[in-house]
Amino acid sequence: MSIDANKPGGPMSRLERLAEPAEHERMFPTDRPADRRVSRREFGRFFVVASGSMAAGQGWIALRSLGSGEADAVLPVQAVARVDEIPVGGAVAFRYPDPDGEPVLLVRLAERRFVAYVQRCTHLSCAVVWDEKSRCILCPCHAGCFEPTTGRATAGPPKRPLTAVRIEIRGGTLYAAGRMETA
Amino acid sequence: VTEPPNKPFRFDPTGAVLFVIIGVFVGQLWLLMATMEAVLGGDRSISLPAFLAGLACLALNIRLFGYLGRGDGQTDVPNR
């Protein structure tokens, strides 16, 4: 006995079954091409909304920047370490102006020569480290390099110098005494 | 051999407006990235002017958006 798939009322082929609308589509018919169509106005609205989101983001950045006026504040003098604790060519990190403050990198370049910089790269704020071999304050994120005596960027993407912290030596102890503008 | 008929160039104002909107959007995206980079690098003086520029871009985009038609088959000018 042969089965005729094309016969009305006969068993449907697999393709025919797939082409048949599903039960829910028969109950709730939708115009799919019309649903998927995006008008030019809708397309434009997307960009306007995205533009508004970016403006809001910039407003948030501006608010945050205006709110943090600590750069102009007078910073306290804080003991950092004893001179003999740091070998020549060595470095220590400390937080300034308080234990929750920004990390600062203190480097001993020579017997009586100390420099300190805020341990934050001026490119994208990665933590910089002292590399004694290359005599460079290094940003490991994008291979940025800062000259240790001035804090100026000498290689990599950073353009601005590191923020310096003034170091004073009193009676064999090193003190951090405020931030300095670097050239 | 039949040549395809030459279509006369017709200026599409809606497409031009969309093009400008996308251009302003891309410029604003660059501005946001540049602001982020400067602020993360410690240069905070740029944030307020950048915010104002971002607002200007948004205002321009909203104004341009007003020129777009109201949707499919509907335009600001009534059909006759």
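In this predicted model, strands β2(A) and β3(A) are joined as a hairpin, with five residues making the connection between them. The two strands, β2 covering residues 91-96 and β3 covering residues 102-110 of chain A, run antiparallel and are held together by six bridges. Within this pairing, Tyr96(A) is placed opposite Glu102(A), a residue of β3(A).

Further along chain A, an open sheet is built from four strands in the order β5-β6-β7-β8, and the pairing in this sheet is antiparallel. Its edges are formed by β5 (129-131) and β8 (153-155) of chain A, each of which pairs on one side only. On average, and with direction ignored, neighbouring strands of the sheet are turned by 40 degrees against each other. At one end of the strand order, β5(A) is connected by three bridges to β6 of chain A (residues 136-139), and these two strands run antiparallel. Here Trp130(A) stands opposite Ile137(A), which belongs to β6(A). As a general point, side chains in a regular strand alternate between the two faces of the sheet.

The association of the two chains was examined next. The contact between them draws 28 residues from chain A and 37 residues from chain B. Accessible area lost when parts come together is often used to express the size of an interface. For chain A and chain B, the buried area is about 2,900 Å², and carbon and sulfur atoms account for 66% of this area. On the chain A side, Arg41(A), Met54(A) and Gln58(A) together provide 25% of the area that chain A buries against chain B, which is more than any other three residues supply.

Polar and charged interactions also occur across this interface. Six residue pairs are found in polar contact between chain A and chain B, with both residues of each pair at pLDDT 80 or more. Classified by residue type, the side of chain A that touches chain B comprises eleven nonpolar, eleven polar and six charged residues. One salt bridge is counted between chain A and chain B, and in this salt bridge the side chains of Asp12(B) and Arg40(A) meet with an N to O distance of 2.8 Å. Over all chains, a search of the whole structure gives seven salt bridges. Because Asp12(B) lies in the segment that precedes α1 (13-40) of chain B, whereas Arg40(A) lies in helix α4 (residues 40-67) of chain A, the pair joins two chains.

Notes:
Residues numbered from 1 in each chain as written. Chains lettered and ligands numbered in written order. Predicted model: local features only at pLDDT ≥ 70, side-chain atom pairs only at ≥ 80, totals over all residues. Heavy atoms only, no water. Contact = heavy atoms within 4.5 Å. Buried area = accessible area lost by both parts, 1.4 Å probe. Salt bridge = Lys/Arg side-chain N within 4 Å of Asp/Glu carboxyl O. Polar contact = N/O pair within 3.5 Å; in protein donor to acceptor, adjacent residues only side chain to side chain. Nonpolar A, V, L, I, M, F, W, Y, C, P; charged D, E, K, R; others polar. Pairing = 2+ DSSP bridges. Axes fitted to C-alpha atoms, helices over the stretch in contact; angles between N-to-C directions.
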